[in-house]
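User: I'm new to this and keep meeting labels for rings and residues. Could you walk me through where such labels come from?

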Amino acid sequence: MKVVLDHTKDEAANIRTFYFKPEQPVQYTAGQYTELTVPHDNADMRGIRHWFTLSSSPLDDYLTITTKFFGDKSSSFKKALFNLKPGIELNMATPMGDFVLPKLVQTPLIFVAAGIGITPIHSILEWLAASKENRPINLIYAVRIEDEIIFQDTFERAGIHATIIVSEPSDAWGGERGHLSAELILGLEKPSENTLIYISGPEPLVEKLANDLHRSGINNNQLVSDQFVNYTDI
């Protein structure tokens with residue numbers, strides 16, 4: 001489908017949200033992902049198409065993606081994306097994926113987000129806030145530094161308390177410190193046999209957390225994951 005870049009918003013010094021206007025209304029479920037094509041010259045081996053989880057709610061007027069920029073280490077795609085000007089028309093795939101809320105509203109949920117892995121959870125929380133639907137949710141959100149904490153206003157609108165963990169905190173940080181681990185997750189939240197644990201973030205970390213949680217007694221059918229390829233900063 002065709003989309004037009006309407007505007008952007010800097011969420012942090014190196015994190016930006018891109019707002020795209022679709023040519024016609026798009027039906028999708030909060031938490032799903034899409035593929036964006038950004039044609040550009042001298043594309044590197046990572047090509048002109050990238051997968052992104054939508055950070056927008058299905059009730060929003062825009063389709064949004066929120067992503068991180070790594071400066072000179074970024075791919076040619078990411079450099080071209082961050083240089084886009086409003087008004088450009090691009091191709092975006094129909095949203096898909098199963099990192100979505102369960103049908104039973106009473107199912108206890110633990111959301112675990114590492115870095116930019118917060119985006120599908122933001123989509124879900126934005127939808128919950130707009131639709132006034134209440135779910136039993138605990139959110140664990142890990143970042144490298146405090147300046148990379150984003151979307152706190154959405155947490156508040158959705159009525160969600162986030163336990164934020166910083167791996168490289170400043171002396172002024174008064175919250176949780178350290179790295180995400182199965183031990184830390186299970187120490188913060190005590191899942192029942194009906195609890196679903198949603199894990200979103202860099203692919204190696206998500207795989208390790210899922211394996212460690214399984215070894216700690218969590219059934220595989222309790223785990224839902226969204227893996228971000230080529231993100232290793234958390």
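Analyst: Sure, let's take a few labels in turn, keeping in mind that this is a predicted model.

User: Why is the pair of Tyr 19 and Tyr 62 called edge-to-face?

Analyst: Their ring centres are 5.9 Å apart, and a pair needs centres within 6.5 Å. The planes sit at 90°, and over 60 counts as edge-to-face, so the label fits. The structure holds eight aromatic pairs, and this is one of them.

User: What makes this a link between distant parts of the chain?

Analyst: Tyr 19 is in strand β2, while Tyr 62 is in the loop between β4 and β5. The two are 43 residues apart.

User: How do you know whether Tyr 19 is buried or exposed?

Analyst: Tyr 19 has a relative accessible area of 19%. Buried means under 20%, so Tyr 19 counts as buried.

User: And what makes Tyr 62 partly exposed?

Analyst: Its value is 25%. Partly exposed runs between the 20% and 50% cut-offs, so Tyr 62 belongs there.

User: Why does the charged end of Lys 21 count as sitting over the ring of Tyr 62?

Analyst: That end lies 5.4 Å from the ring centre, and the distance limit is 6 Å. There's an angle condition too, within 35 degrees of the ring normal, and Lys 21 is listed as sitting over the ring.

User: What makes Phe 99 and Tyr 198 edge-to-face?

Analyst: Here it's 5.2 Å centre to centre with 85° between the planes, and over 60 is edge-to-face. Phe 99 is in a loop and Tyr 198 in strand β11, so the pair ties together parts 99 residues apart in sequence. Both Phe 99 and Tyr 198 are buried.

Technical notes:
Residues numbered from 1 in each chain as written. Predicted model: local features only at pLDDT ≥ 70, side-chain atom pairs only at ≥ 80, totals over all residues. Heavy atoms only, no water. Phe/Tyr/Trp six-rings, centres within 6.5 Å; stacked < 30°, edge-to-face > 60°. Helix = DSSP H or I, 4+ residues; strand = E, 2+ residues; numbered from the N terminus. Buried < 20%, exposed > 50% of the residue type's maximum accessible area, 1.4 Å probe, protein only.
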